[in-house]
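Open the model in your viewer and keep the sequence panel visible. The tour below goes from one selection to the next and says what is there.

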Amino acid sequence: MEFQIIVSNQIEEWEPRREDTLEFLDEEMRKVEATLADLKRRKDNLLKQTLVKCGWCGAESEIGQLTYIQTHWYEHPYSCTGGDRWHPGEGQWKCACGKRNRLFNKPGIEKLKRLFANVEDVYERSY
Ligand SMILES: [Zn+2]
């Protein structure tokens with residue numbers, strides 16, 4: 001009986017299925033990312049229509065049309081190096097009637113800050 005050693009060249013000839021190539025996966029990921037970006041954009045557009053009501057004149061406005069007023073509060077100096085700096089405070093917005101409204105009574109709206117038309121930083125000392 002004669003034994004023959006067969007050297008397989010299967011591995012060299014093996015080609016991955018297209019679905020298992022890096023090019024395919026990169027392409028699929030680009031598609032998913034494009035879909036995700038589109039969904040986020042559409043969701044943002046809906047959230048920009050979130051209404052806030054002026055406590056002074058009663059008018060309702062979409063946040064996407066408003067300026068978000070980022071207030072800051074001042075921390076007085078203490079000890080040698082402590083304090084003497086500003087901290088972000090509550091969010092507010094200004095109605096077309098000219099009055100400023102606070103956002104604290106509308107839970108979650110401060111998280112939508114980036115969807116306002118503008119953001120204005122305000123530094124006011126209360127003394
Ligand atoms: Zn108003």
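Start by selecting Val-122, which lies in strand β6. The model you are looking at is predicted. Is Val-122 buried or exposed? Val-122 has 11 other C-beta atoms within 10 Å, and a residue with 12 or fewer counts as exposed, so Val-122 is exposed. Now show what surrounds Val-122. Apart from its neighbours within four places in sequence, Val-122 is in contact with Ile-69, Gln-70, Thr-71 and His-72. Next, draw a distance from the C-alpha atom of Val-122 to that of Gln-92. The two residues are 30 apart along the chain, and their C-alpha atoms are separated by 10.0 Å.

Move along the chain to Arg-125, which is found in the segment after β6. Arg-125 is exposed, because it has 9 other C-beta atoms within 10 Å. From its C-alpha atom to that of His-72 the separation is 8.5 Å, although the two are 53 residues apart along the chain.

**The sheet**

Select strand β6, residues 118–123, together with strand β3, residues 67–75. The two run parallel and are joined by six bridges. One place to look is Thr-67, which stands opposite Asn-118 in β6.

Keep β3 selected and add strand β4, residues 85–94. Which way do β3 and β4 run relative to each other, parallel or antiparallel? They run antiparallel, with seven bridges between them. Several residue pairs can be picked out here. Gln-70 stands opposite Gly-91 in β4. Trp-73 has His-87 in β4 as its bridge partner, and Tyr-74 has Trp-86 in β4.

Now add strand β5, residues 100–102. β4 and β5 pair in the antiparallel sense, over three bridges. Here Lys-94 has Arg-100 in β5 as its bridge partner. The hairpin of β4 and β5 has five residues between the strands, and in it Gly-98 takes a positive phi near 100°.

With these strands selected, view them together. They form an open sheet of four strands in the order β5-β4-β3-β6, with mixed pairing. Why is one side of β5 and of β6 left without a neighbour in the sheet? Both stand at the edges, each with a single partner strand, so one side of each has no neighbour there. Turn the view to look across the strands: neighbouring strands of this sheet are turned by 40° against each other on average, direction ignored.

**The loop between β3 and β4**

Go back to the β3 and β4 pair and select the loop between them. Ser-79 is found there, and so is Asp-84. What is the sign of phi in Ser-79? Phi of Ser-79 is near 45°, a positive value in a residue other than glycine. Asp-84 also has a positive phi, near 55°, and is likewise a residue other than glycine. Most residues other than glycine have a negative phi. Check the surroundings of each in turn. Ser-79 is exposed, because it has 6 other C-beta atoms within 10 Å. Asp-84 counts as exposed because it has 10 C-beta neighbours inside 10 Å.

**The nonpolar core**

Clear the selection and pick Ile-63, Tyr-68, Ile-69, Trp-93, Leu-115 and Phe-116. These six residues make up the largest nonpolar core. Then select Ile-63 alone and show its contacts. Leaving aside neighbours within four places in sequence, Ile-63 is in contact with Lys-48, Thr-50, Val-52, Leu-112, Leu-115 and Phe-116. Two of these partners, Leu-115 and Phe-116, belong to the core as well.

**The helix α2**

Select helix α2, residues 22–47. How far does α2 reach from its first C-alpha to its last? α2 has 26 residues and reaches 37 Å, close to the 38 Å expected at 1.5 Å a residue. α2 is hardly covered: the count of buried residues among its 26 residues is zero.

**The whole protein**

To finish, show everything again. The protein has two helices and six strands. From the N terminus on, the elements run α-α-β-β-β-β-β-β. How much of the protein is buried? Buried residues make up 6% of its 127 residues. Among contacts between residues at least 6 apart in sequence, 54% join residues at least 24 apart.

Technical notes
Residues are numbered from 1 along each chain as its sequence is written. This is a predicted model: local features need pLDDT of at least 70, side-chain atom pairs count only at pLDDT 80 or more; totals for chains, interfaces and linings use all residues. Two strands pair if DSSP finds at least two bridges between them. A nonpolar core is a set of buried Ala, Val, Leu, Ile, Met, Phe, Trp, Tyr and Cys residues joined through C-beta atoms within 7 Å. A residue is buried if 20 or more other C-beta atoms lie within 10 Å of its own, exposed if 12 or fewer, and partly exposed in between; C-beta atoms are placed from the backbone. Two residues are in contact if their C-beta atoms, placed from the backbone, lie within 7 Å. Axes are lines fitted to C-alpha atoms, for helices over the stretch in contact, and angles run from 0 to 180 degrees between N-to-C directions. The expected span of a helix is 1.5 Å times one less than its number of residues.
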